[in-house]
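I opened my notebook to see how this chain folds and what it touches. Come along and look with me.

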Amino acid sequence: MEEDELIQRAKEGDLDCFNQLVERYQREVYSLSLRMLGNASAAEDATQDAFFSAFRGIGKFRGGSFRAWLFRIAANACRDQLRSLRRRPTTSIDSVPLELESDQPSPEDFAMRRELGEEIKRALAALPPDQRLAVILRDIEGLDYEEISQVTGSSLGTVKSRINRGRARLRHHLERHRELFP
Amino acid sequence: MLSPYIDGQLGPSDREGMEGHLEGCQACRRELESLRATVNLLHRVAMVSPPRSFAIAKAAPKPLPAAVWSFGVLRVATAIAALLLVFVFAGDATHLFEGGLIEERAAQQGTLMDGEDGEVSDKGGTPAGGEEYVWPVSELELALLGVVVVLGGATAVLWQIRRRGGERALGG
């Protein structure tokens, strides 16, 4: 079934159709949450909260990019989780490794990629949340500037500036581990 | 400017300007190269498969109506007790309860409150020769504080239970 039809039926209260949308997007939403929060259980909570809010609020979806609309809800859920993580910082340990795709996997390559993944995780965690969100949406989730502007509710200029500053910081952080780059 | 340049976000004139500058500036070329490497690295970050399905359960068990009811009542009761406490505190601070005369009790209370007469005067009350009824303000405050703590605690416990129930319902 086409996405538009699923959305229409979900708006009419068809839970099965909504759950098909969940199946389509849960990987992206969970990945976004995990990269934003750096904590697997908080990412799980944020993802579940996001889909639950989306189901309750789907009547308010007025067309356009459903993905951007969903990501906006997920970004808000992440913001709530970040707030509660700040209140109990001891639980903010993430055992899920950040994996990098590779064309020719070999055992030595694997160890290197693992290390690089850890560095990227650290570098992302060190970014201010607004910049982190913008960079994740652009470079990991692959959204264009217009969609990011919809997700974050910010102007295109703000989006540009956040991506610019976020990437510059990441570059600065990763430069120190230049030997890990391919 | 390098970041929007990589993403093709610059207008034709800005892009040309940038390319002209890059030709003559080795430092910027190096920075561009390193920024590109960073961006390419981020492009390789893999999506993560979620540990479970986030589909919403059809028969999501609703929180028990009784729990909802008692949660609502507890919340309101806590709020009322807290408001009362604030009111009594504020009254205490503004000497609202001092000088409030209840003639018929004055005789009984007079002897008991003798020791506190001086204190009342200090707070700016208007003692009429020990004839006034002094409200047991601090006792009232303590009692209300106790009530607020107990009600608040019960509300928090119930909220946690509801939250877990909600999570289970969402868990599918």
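Here are my entries, from the overall fold down to single residues.

**Entry 1: the fold.** I noted at the start that this is a predicted model. I then asked how many helices and strands chain A has. I found eight helices and zero strands, so to speak an α-α-α-α-α-α-α-α pattern when I read along the sequence. Of the 182 residues in chain A, 41% are buried. I also looked at contacts in chain A between residues at least 6 apart in sequence, and 62% of them join residues at least 24 apart.

**Entry 2: the core.** Next I looked up the largest nonpolar core, which has 52 residues. A46(A), A50(A), L70(A), A74(A) and L137(A) have the most contacts inside it. Which elements give two or more residues to this core? In chain A they are α2, α3, α4, α5, α6, α7 and α8, and α3 of chain B joins them. The largest share, ten residues, comes from α2(A). Domain 1 (1-85) and domain 2 (105-182) of chain A each supply at least three residues to this core.

**Entry 3: one core residue.** I picked A46(A) and set aside its neighbours within four places in sequence. That left contacts with S33(A), L37(A), A74(A), A77(A), C78(A) and Q81(A).

**Entry 4: two helices that pack.** I turned to helix α2 (residues 15-37) and helix α4 (residues 66-87) of chain A, which pack at an angle of about 35° with their axes 10 Å apart. The crossing of α2(A) past α4(A) is right-handed. On α2(A), the residues making the contact include Y25(A), V29(A), L32(A) and M36(A). On α4(A), they include L70(A), F71(A), A74(A) and C78(A). By class, I listed eleven nonpolar, two polar and one charged residues in this contact.

**Entry 5: a short look at α7(A).** Which residues of helix α7 (residues 145-152) of chain A are buried? I found E147(A), I148(A), S149(A) and V151(A). The buried residues of α7(A) pack against α4, α6 and α8 of chain A. Just after α7(A), G153(A) takes a positive phi of about 70°.

**Entry 6: the partner chain.** Last, I checked where the chains touch: 35 residues of chain A and 25 residues of chain B take part. On the chain B side, α1 (2-6) and α3 (26-43) each give two or more residues, and α3(B) gives the most, with eight. That side of chain B has 16 nonpolar, seven polar and two charged residues.

Key:
Residues are numbered from 1 along each chain as its sequence is written. Chains are lettered from A and ligands numbered from 1 in the order in which they are written. This is a predicted model: local features need pLDDT of at least 70, side-chain atom pairs count only at pLDDT 80 or more; totals for chains, interfaces and linings use all residues. Two residues are in contact if their C-beta atoms, placed from the backbone, lie within 7 Å. Helices (H or I, at least four residues) and strands (E, at least two) are DSSP runs, numbered from the N terminus. Ala, Val, Leu, Ile, Met, Phe, Trp, Tyr, Cys and Pro count as nonpolar, Asp, Glu, Lys and Arg as charged, and the others, Gly among them, as polar. Axes are lines fitted to C-alpha atoms, for helices over the stretch in contact, and angles run from 0 to 180 degrees between N-to-C directions. A crossing is left-handed if the near helix is turned anticlockwise from the far one by less than a right angle, and right-handed if clockwise. A residue is buried if 20 or more other C-beta atoms lie within 10 Å of its own, exposed if 12 or fewer, and partly exposed in between; C-beta atoms are placed from the backbone. A nonpolar core is a set of buried Ala, Val, Leu, Ile, Met, Phe, Trp, Tyr and Cys residues joined through C-beta atoms within 7 Å. Domain bounds come from an automatic or database domain assignment.
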